[in-house]
Amino acid sequence: MDPSVLTTLKILLIGQSGVGKSCLLYRFTDDTFNVDNAVTIGVDFKMRKITVDNNNIKLALWDTAGQERFRTLTPNYYRDGQGAVLVYDVSNRDSFTCLETWINELNMYSTKPNIIKMVVGNKIDQERRVSREEGIAFARRHQTLFIETSAKTKEGVHMAFEELVRKIINTPSLWEKPEDVNVVRCNNENSAPEQSYCSC
């Protein structure tokens, strides 16, 4: 592993087919946008290194198909994910309504109970069918982060991933190796080692 990299994080992109998950992924990793992106078959995977708060982080980004016929992938897809981006299309109310199902599935299959979740309302460059206030209310109800984006114009895309990563890094129990738990942090030097990594 590159010694300059603090850790590698597994980030999941979740949501109905057509909400723009792949467009968000490619805008973030390659800074490209293709309105004619092919529908994802199974799982797409990209790597990207970013720097957040002076920490170099490698991201393993997993984009899954939103169609029912690929749902047999589900348990393996969610395993060991440290962050999840739940995407809906602000111009498609059905995609927002379905978020309830997606977040329930994430809670069922995630192997990390404190996985960091972010709700993303994509396609804000289009005519709205879902208000920002509705998105915020959903995120509050499920205790997730929230942001609106446009993969087409780039608005909010990098900020979304950076905020998600920042929250994960601030939750050490999500990413530190088990053998590290006896290491006392300099900024927590008055705590006993076993208390330094409380995940409550």
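Which residues in α1 meet Val 157, His 158 and Phe 161 in α6? I'd start with that contact, and here are my notes on it and on the rest of the chain. Keep in mind throughout that this is a predicted model.

1. **The α1 and α6 contact.** The residues on the α1 side are Leu 24, Arg 27 and Phe 28, and they meet Val 157, His 158 and Phe 161 in α6. Sorted by class, that contact has four nonpolar residues, one polar and one charged. The two helices pack at an angle of about 85°, and their axes are 9 Å apart. An angle from 65 to 115 degrees counts as roughly perpendicular, so that is the label for α1 and α6.

2. **The overall layout.** Stepping back, the chain has six helices and six strands. Going along the sequence, you read β-α-β-β-α-β-α-α-β-α-β-α. Of the 200 residues, 46% count as buried. Take the contacts in the chain with a separation of 6 or more: 70% of them are between residues 24 or more positions apart.

3. **How covered α1 is.** Helix α1 (21–30) is mostly covered, with eight of its 10 residues buried. The buried set is Lys 21, Ser 22, Cys 23, Leu 24, Leu 25, Arg 27, Phe 28 and Thr 29. Leu 24, Arg 27 and Phe 28 will look familiar, as they are the residues of α1 that meet α6.

4. **Lys 21.** Have a look at this lysine, which is found in helix α1. Its relative accessible area is 6%, so it falls in the buried class, for which the cut-off is under 20%. Asp 89 is 68 residues from Lys 21 along the chain, yet their C-alpha atoms are separated by 9.6 Å.

5. **The largest nonpolar core.** This core has 29 residues, and those with the most contacts inside it are Leu 9, Ile 11, Leu 59, Val 85, Val 165 and Ile 168. At least two residues each come from β1 (5–14), α1, β2 (43–52), β3 (55–64), β4, β5 and α6. Helix α6 gives the largest share, seven residues. As background, nonpolar side chains tend to be buried together in soluble globular proteins.

6. **Val 85 and the other core.** Leaving out neighbours within four places in sequence, Val 85 is in contact with Ile 11, Leu 12, Leu 13, Ile 14, Met 118, Val 120, Phe 161 and Leu 164. Apart from the core of Val 85 lies another one, of 19 residues, including Ala 84, Leu 86, Val 90 and Val 119.

7. **The two sides of α5.** In helix α5 (residues 132–141), the buried residues are Gly 135, Phe 138 and Ala 139. These cover an arc of only 95° around the axis, so they sit on the same side of the helix. What covers them includes β4 (83–89), α3 (93–97), α4 (99–109), β5 (116–122) and β6. On the face turned away from that buried side you'll find the exposed residues Glu 133, Arg 140 and Arg 141.

8. **Two positive phi values.** Most residues other than glycine have a negative phi, so a couple of spots deserve a second look. Asp 31 follows α1 and is found in the loop between α1 and β2. Its phi is near 55°, a positive value in a residue other than glycine. With a relative accessible area of 39%, Asp 31 is partly exposed. Gln 143 comes just after α5, in the loop between α5 and β6. Gln 143 is not a glycine either, and its phi is positive, at about 55°. At a relative accessible area of 75%, Gln 143 is exposed.

9. **Thr 149.** Is this loop residue buried or exposed? Thr 149 is buried, with a relative accessible area of 1%, and its loop runs between β6 (145–148) and α6 (157–169). Setting aside residues up to four places away in sequence, Thr 149 touches Leu 24, Val 120, Gly 121, Asn 122, Lys 123, Ile 124, Glu 155, Gly 156, Val 157 and Ala 160. Two of those names take us back to the opening point: Leu 24 in α1 and Val 157 in α6.

Key: Residues numbered from 1 in each chain as written. Predicted model: local features only at pLDDT ≥ 70, side-chain atom pairs only at ≥ 80, totals over all residues. Heavy atoms only, no water. Helix = DSSP H or I, 4+ residues; strand = E, 2+ residues; numbered from the N terminus. Buried < 20%, exposed > 50% of the residue type's maximum accessible area, 1.4 Å probe, protein only. Contact = heavy atoms within 4.5 Å. Arc of directions from axis to C-beta. Core = buried A, V, L, I, M, F, W, Y, C linked by side-chain atoms within 4.5 Å. Axes fitted to C-alpha atoms, helices over the stretch in contact; angles between N-to-C directions. Parallel < 35°, antiparallel > 145°, perpendicular 65-115°, else oblique. Nonpolar A, V, L, I, M, F, W, Y, C, P; charged D, E, K, R; others polar.
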